[in-house]
Amino acid sequence: MHNKLRSSADVIVRPGEKAHSAPFTLEGKTALVTGAARGIGRAIATKLAAAGAAVMINDLDESAVTEAECALRTSGFEAAHVCGDLTNPAFPEEMVKAALDTFGAIDIIVNNAGYTWDSVIQKTSDEQFQAMIDIHLVVPFRVLRAASTYLRETAKGEIAAGKRVMRKVVNITSIAGTQGNAGQSGYASGKAGVIGLTKTLSKEWGRYNVNVNAVGFGLIDTRLVQPINGNAANIEMHGHQIRIGVQPAMLEQAKKASALGRLGSPEEAAGAVLFFCSPLSDYVTGEVLICGGGFNF
Ligand SMILES: NC(=O)c1ccc[n+]([C@@H]2O[C@H](COP(=O)([O-])OP(=O)(O)OC[C@H]3O[C@@H](n4cnc5c(N)ncnc54)[C@H](O)[C@@H]3O)[C@@H](O)[C@H]2O)c1
């Protein structure tokens with residue numbers, strides 16, 4: 001019975017007919033994207049909005065997330081923001097509630113927020129290691145736990161009514177998580193851990209028609225991998241000035257070592273995420289898609 005239900009992805013094309021419609025639309029869908037004030041998260045929110053979704057964007061950087069929401073609205077998209085630090089244990093629930101209060105639904109969740117705090121293991125403090133586990137693993141866990149009541153109860157109602165509505169979770173990981181990377185014991189552990197969370201929830205939530213997948217990036221051209229030229233860039237996290245960026249020589253080496261010979265753009269990164277947010281991936285779950293231009297650590 002379940003298998004005979006039609007989904008919105010079904011497009012009927014009769015022999016001799018051409019399908020002129022776009023492969024999918026996200027009109028009527030609502031997406032929640034974390035860490036969306038800049039970089040890859042912002043590109044993901046923009047792609048989802050351009051495909052028709054209403055987007056709730058989150059970031060801890062108030063001015064940047066307000067500006068990102070304004071830019072989306074100026075483009076004619078439906079957007080709202082909820083500012084806050086996801087590592088505050090109470091905040092994921094507040095964020096999910098804000099999305100439901102604003103749009104009345106959540107169809108797509110992208111756990112994207114993250115940062116790097118790198119050192120070789122002998123120089124890695126407990127606080128530093130824990131911070132990487134918190135933002136890359138504990139936060140996605142809390143966000144998805146906070147959304148679980150809505151996702152399960154809504155799906156139960158739909159299934160009882162004979163409808164199959166697919167919802168989407170995409171967790172952002174890294175080739176540091178799938179391959180390991182020197183200097184990133186905490187980051188790589190958090191990014192590996194979120195793959196376990198992804199695979200587990202794909203099994204818990206398949207019955208509720210939720211696709212749960214992960215996208216792992218190689219080197220994407222954002223502030224995290226900006227060339228360190230003289231003055232290294234810092235981000236402030238929980239009272240720490242954390243150095244970000246990559247030595248230019250290492251960047252050049254990485255470009256050469258990648259099959260495509262260059263870094264990826266945030267828009268290219270967002271394209272891989274869009275696949276998992278769209279009906280094109282309705283029968284894909286528990287998978288990790290690497291979007292890395294063929295680069296390996
Ligand atoms: N850029 C890359 O090469 C690369 C490679 C692999 C994985 N990633 C992952 O992609 C994701 C996006 O990274 P990016 O390169 O766009 O970085 P970015 O720094 O440009 O954007 C990340 C955003 O997350 C926000 N953020 C961080 N901690 C937060 C918190 N506690 N609460 C709310 N917001 C928070 C930041 O303020 C920032 O706006 C991250 O998970 C990162 O680990 C990036």
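Buried means under 20% relative accessible area. The model shown in these views is predicted.

**View 1. Lys168 and Asp282 pair across the chain.**
Lys168 makes a salt bridge with Asp282. The closest N and O atoms are 2.6 Å apart. Lys168 sits in strand S5 (residues 167-174). Asp282 sits in the loop between helix H8 (266-277) and strand S9 (288-291). The pair therefore ties together parts that are 114 residues apart in sequence. Asp282 has 15% relative accessibility, so Asp282 counts as buried. Lys168, at 3%, also counts as buried.

**View 2. Asp61 and Arg38 join two loops.**
A salt bridge links Asp61 and Arg38, with the closest N and O atoms 2.6 Å apart. Asp61 lies in the loop between strand S2 (54-59) and helix H2 (62-74). Arg38 lies in the loop between strand S1 (30-33) and helix H1 (39-50). The two residues are 23 residues apart, and the pair links distant parts of the chain. Asp61 is partly exposed at 23% relative accessibility. Arg38 is partly exposed too, with a relative accessible area of 27%.

**View 3. Arg73 and Glu69 meet within helix H2.**
Their side chains form a salt bridge of 2.7 Å, N to O. Arg73 and Glu69 are four residues apart, about one turn of the helix. Glu69 counts as buried at 12% relative accessibility. Arg73 is partly exposed, with a relative accessible area of 48%.

**View 4. Asp107, Glu158 and Arg167 form a network.**
Salt bridges link these three residues. Side chains of opposite charge can pair when their charged atoms come close. The count for the model comes to ten salt bridges.

**View 5. The largest nonpolar core holds 45 residues.**
Ile109, Tyr115 and Trp205 touch the most other members of this core. Several elements give two or more residues to the core, among them S2, strand S3 (79-83), helix H3 (91-103) and helix H6 (185-205). Helix H4 (126-160) is also one of them. H4 gives the largest share, eleven residues.

**View 6. Tyr115 has many neighbours.**
Residues up to four places away in sequence are not counted here. Tyr115 touches Ala131, Met132, Ile135 and His136. Tyr115 also touches Tyr187, Leu224, Ile235, Met237, His238 and Ile242.

**View 7. Another core lies apart from the largest one.**
This core has 36 residues. Among them are Ala43, Ala53, Val55 and Val110.

Notes: Residues numbered from 1 in each chain as written. Predicted model: local features only at pLDDT ≥ 70, side-chain atom pairs only at ≥ 80, totals over all residues. Heavy atoms only, no water. Salt bridge = Lys/Arg side-chain N within 4 Å of Asp/Glu carboxyl O. Buried < 20%, exposed > 50% of the residue type's maximum accessible area, 1.4 Å probe, protein only. Core = buried A, V, L, I, M, F, W, Y, C linked by side-chain atoms within 4.5 Å. Contact = heavy atoms within 4.5 Å.
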